[in-house]
Amino acid sequence: MTEEHVREDANKYELMVIINPDIGVDAIKKRLDETRKLLTAEKGGVAGEIFFEDVWGTRDLAYKIKKHDKGYYAVFDFVTDPSMIREMETALGLETEVIRHMIVRLPGAYQSLNYAALLEKQAIEEEEKKALKLAAKNKRPLRPGEKPEAVRVPAKTEKVAEKTVEKESAKSEEKVEAKDEVKEEVKEKPKKKETTLEDVDAKLKSIIDNPDINF
Amino acid sequence: MAKNKYNKDCPFTEEQVKYIDYKDINLLRKYMSQYSKIVPRYYTGVNLKYQKALAVAIKRARNMALLPFVRRGR
């Protein structure tokens with residue numbers, strides 16, 4: 001068997017580790033490096049390969065584990081020989097700095113997800129839904145005057161589209177600028193119509209300012 | 001037409017979902033009760049295939065402390 005042959009056959013796995021956040025930044029970095037080494041360890045001349053990595057950072061645990069209520073999360077997607085998994089499990093299990101770990105087999109068609117990007121996407125989708133709901137609500141009382149509704153609905157969907165574009169562009173450094181842009185647009189629209197639009201704006205701002213959503 | 005609780009479409013079937021990710025907590029939360037129990041599929045309308053996948057995902061998320069096992073009502 002050649003190396004390539006093995007790689008194609010090899011399964012995709014995902015490791016999620018929770019590291020004790022109290023050990024300090026340097027120790028956490030060391031621990032991450034060591035887990036990387038562990039995942040890419042060689043066996044029979046074939047090394048594992050990490051093809052995606054996502055460090056979530058410190059976040060609250062849903063329940064206490066060994067008296068910790070916070071954990072440092074990291075996700076690694078990797079390819080390796082199935083026989084390596086057991087060794088990895090034992091190595092991770094023996095590590096006291098790792099509060100908890102889980103190795104999961106991924107389906108072949110799996111596309112790696114950046115957690116922050118996922119949250120962002122969901123926030124946008126929620127906005128869309130809220131906008132649609134509001135539009136639906138506004139329709140009923142305004143039935144006699146039908147024309148303004150027809151204008152309103154497309155205006156809102158456009159707004160959402162603009163937002164998505166901006167958010168994508170804002171991912172790295174232009175965060176602050178993008179915020180201003182959004183706010184400006186947002187200010188323009190409510191002048192035309194009712195209080196419900198202002199509610200949407202408030203929600204929008206709260207979502208943009210939400211510290212949980214990292215760009 | 002409002003659909004009653006016994007007559008719902010499976011959202012996963014509609015979108016032909018291939019894999020329910022245990023990391024997607026916001027999605028999983030929709031299929032959990034306020035006490036964070038898994039909601040039976042006769043309430044949510046999820047197809048059996050996806051309900052099973054969903055259960056696996058929720059349990060994985062629970063093990064990794066992304067979701068609680070129990071939450072007391074207040």
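Let me start with Lys66 of chain A, which is exposed in this predicted model, because its relative accessible area is 65%, and exposed here means a value over 50%. If you follow chain A along, you will find Lys66(A) in the loop between strand E4, residues 49–65, and strand E5, residues 68–80. What I would ask you to look at there is the backbone, since the phi of Lys66(A) is near 50°, a positive value in a residue other than glycine.

Now please move on to Lys67(A), which also has its place in the loop between E4 and E5 of chain A. Lys67(A) has a positive phi of about 70°, although it is not a glycine, and with a relative accessible area of 79% Lys67(A) is exposed.

Let me turn from that loop to a surface patch. Which residues form the negative surface patch? They are Glu125 and Glu128 of chain A, together with Glu14 and Glu15 of chain B. As for the elements behind the patch, helix H4 of chain A, residues 115–139, and helix H1 of chain B, residues 11–15, each supply at least two residues of the negative patch.

I would like to stay for a moment with one of these residues, Glu15(B), whose place is in helix H1 of chain B. Is Glu15(B) buried or exposed? Glu15(B) counts as exposed, because its relative accessibility is 64%, and the cut-off for that word is over 50%.

Definitions and conventions:
Residues numbered from 1 in each chain as written. Chains lettered and ligands numbered in written order. Predicted model: local features only at pLDDT ≥ 70, side-chain atom pairs only at ≥ 80, totals over all residues. Heavy atoms only, no water. Patch = residues over 30% accessible without salt bridge, like charges linked within 9 Å, V, L, I, M, F, W, Y side chains within 5 Å. Areas by Shrake-Rupley, 256 points an atom, 1.4 Å probe, with all protein chains shown as cover. Salt bridge = Lys/Arg side-chain N within 4 Å of Asp/Glu carboxyl O. Lys, Arg positive; Asp, Glu negative; His and termini not counted. Charge placed at Lys NZ, Arg CZ, Asp CG, Glu CD. Helix = DSSP H or I, 4+ residues; strand = E, 2+ residues; numbered from the N terminus. Buried < 20%, exposed > 50% of the residue type's maximum accessible area, 1.4 Å probe, protein only.
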